[in-house]
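Biologist: I am new to this structure and should be grateful for a guided discussion of it. May we begin with the sheet?

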Amino acid sequence: MKVIVQPTGVTPADVLAVARGNARVEIAPETVEAMATSRAIVDTIEASGKPVYGVSTGFGALANTSIAPERRAELQHALIRSHAAGIGAPMPREVVRAMMLLRLRSLALGRSGVRPVLAQGLADLLNHDITPWVPEHGSLGASGDLAPLAHCAIVLLGEGWVLGKDGARMAAAEALHAAGLQPLELAAKEGLALINGTDGMLGMLLLAIDDAAHLFAMADVTAALAIEAMLGSERPFLPELHEIRPHPGQTASAANIRKLLQDSAIMDSHRDDLAHAVQDAYSMRCAPQVAGAARDTLDFVRTVAARELVSVVDNPVVLPDGRVESTGNFHGAPLGFAADFLAIAAAEVGAIAERRVDRLLDVTRNRDLPPFLSPDAGVNSGLMIAQYTAAGIVAENRRLAAPASVDSLPTSGMQEDHVSMGWAATKKLRTVLDNLTSLLAVELISAVRGLQLRSPLVPSPAGRAAITALEAAAGRPGPDLFLAPALEAARAVVAGRELRAEIESATGALL
């Protein structure tokens, strides 16, 4: 795979290809030309002696401090070293790779006034699989992701740390030498241009969007299987009932669940029983309303990310008419709000899944299934503690759903007196989605166990595919087994794309 960075930027698919698919990065000739034109404007302004933020002045609260011409390159190196001040565990490789590509994209837009060699330096790190060690703490989403981006930029200087292939930390100079790369020397404004932007937040948001889209589809799958196992009704998912409340996500989710419940002997066993399931519980009947609202939230977040992906978020920016102007475009509020909103939605998708799990395990509500889905309950506890685990995760997701973007703390001598906390919002969103994967795994294994216990009735094609996917790890109903490996296997099935593909080959594409 190859991604060519144009002066118009990159696409979400490009970011995923580089972050997760190790695509090679190349810079289009037109991009080099646009950057060179922008750099010539900065060189002219620097020679004129005009005070320009970040070119001939200090940074933040030091914006009114004039810097002598002979010290301006030193200023840029000092900026990178001082701002690479993060602490904590390293960010995942995919996040750092997304962040580097997005910073390259920002420079490629031709509004940062830097030499093309900087963009090529970032491309070289990506293409040689050199991943800077970026600590998890340091960004306030204020002037963008200053500290995380500085930890990337300092590697270009041959300093700082990188993430070794074994996960250990190693010296950047050693990694550059092994790859045959030379450290860069920065010119005026270039240090600032390497660190001023929303690239870390945006990278995490784009990765989260991809994960959420898959998980919300899998939530329809696990909901349908649970409803089938509990002898639920398919009538609440009739299309005419969703045409009268035309939220697009709800309509799509209901269509998915209805499709997944077809061709099931289990559903046929009670479909025409008018006394059965006059009205299912909310966790069953309202599954499309919750998952659908999450889908609509995801569409909003996609729109925000798409806008940011074509935005110039540097400061100051070089305009085509030769002006260099300070902006506030680096402020992460749009991304922070979007991430917090999506975290709330994803937390609720997990919460309603846990309610279905609890119902499946409760002998008073699961419609003739054994207690905790164990054929020999008493000596055996079945899936009792799996539901405890799910409940604990739901509680954690509720804490994580509290918005980060309302929690501003002033910095830099009150120059940066309102910050976005967008880095924290997007980072915790990824945690919520990881937790959602676990919650759907518990629902999947519970639903599969319920479907197995309905034998000899044959489940839907989706149910049969799920049983096949899990049976090797989770076994069939019987004496208790070491449950953690089965839950890990279910997590892998939910996170992977194979089960969905198997289901769709039988039912048709899910929305």
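Biologist: How many bridges join strand S6 to S7?

Modeller: The model is a predicted one. In it, strand S6, residues 161–163, and S7 run antiparallel, and Leu163 stands opposite Arg169 in S7. The number of bridges that join S6 to S7 is three.

Biologist: Which strands stand at the edges of the sheet?

Modeller: The sheet is open and antiparallel, with its three strands in the order S4-S6-S7. Two of these strands have a single partner each, so one side of each is left without a neighbour in the sheet. The edge strands are S4 (131–132) and S7 (169–171).

Biologist: Which helix packs on the sheet?

Modeller: The helix touches S6 and S7, and its direction makes about 70 degrees with that of S7. It spans residues 172–179 and is helix H7.

Biologist: Which helix gives the largest share of the largest nonpolar core?

Modeller: This core has 151 residues, of which Leu194, Ile195, Phe216 and Leu444 touch the most other members. Leaving aside neighbours within four places in sequence, the contacts of Leu444 include Thr222, Leu225, Ala466 and Leu470. The largest share of the core, 20 residues, comes from residues 199–229, helix H9.

Biologist: Which elements give two or more residues to the lining of the largest pocket?

Modeller: The largest pocket holds about 490 Å³ of space. Its lining has 29 residues, the closest to the centre being Ala142, Ser143, Leu146, Ser412 and Glu416. The elements that give two or more lining residues are helix H3 (72–83), helix H6 (146–156) and helix H8 (190–195).

Note on methods:
Residues numbered from 1 in each chain as written. Predicted model: local features only at pLDDT ≥ 70, side-chain atom pairs only at ≥ 80, totals over all residues. Heavy atoms only, no water. Core = buried A, V, L, I, M, F, W, Y, C linked by side-chain atoms within 4.5 Å. Buried < 20%, exposed > 50% of the residue type's maximum accessible area, 1.4 Å probe, protein only. Helix = DSSP H or I, 4+ residues; strand = E, 2+ residues; numbered from the N terminus. Contact = heavy atoms within 4.5 Å. Pairing = 2+ DSSP bridges. Axes fitted to C-alpha atoms, helices over the stretch in contact; angles between N-to-C directions. 1 Å grid on protein atoms, 1.4 Å probe; cavity = no way out; pocket = protein on both sides within 12 Å on 5 of 7 lines; lining within 4 Å. Points joined across faces, edges and corners; volume = space filled by probe spheres on them.
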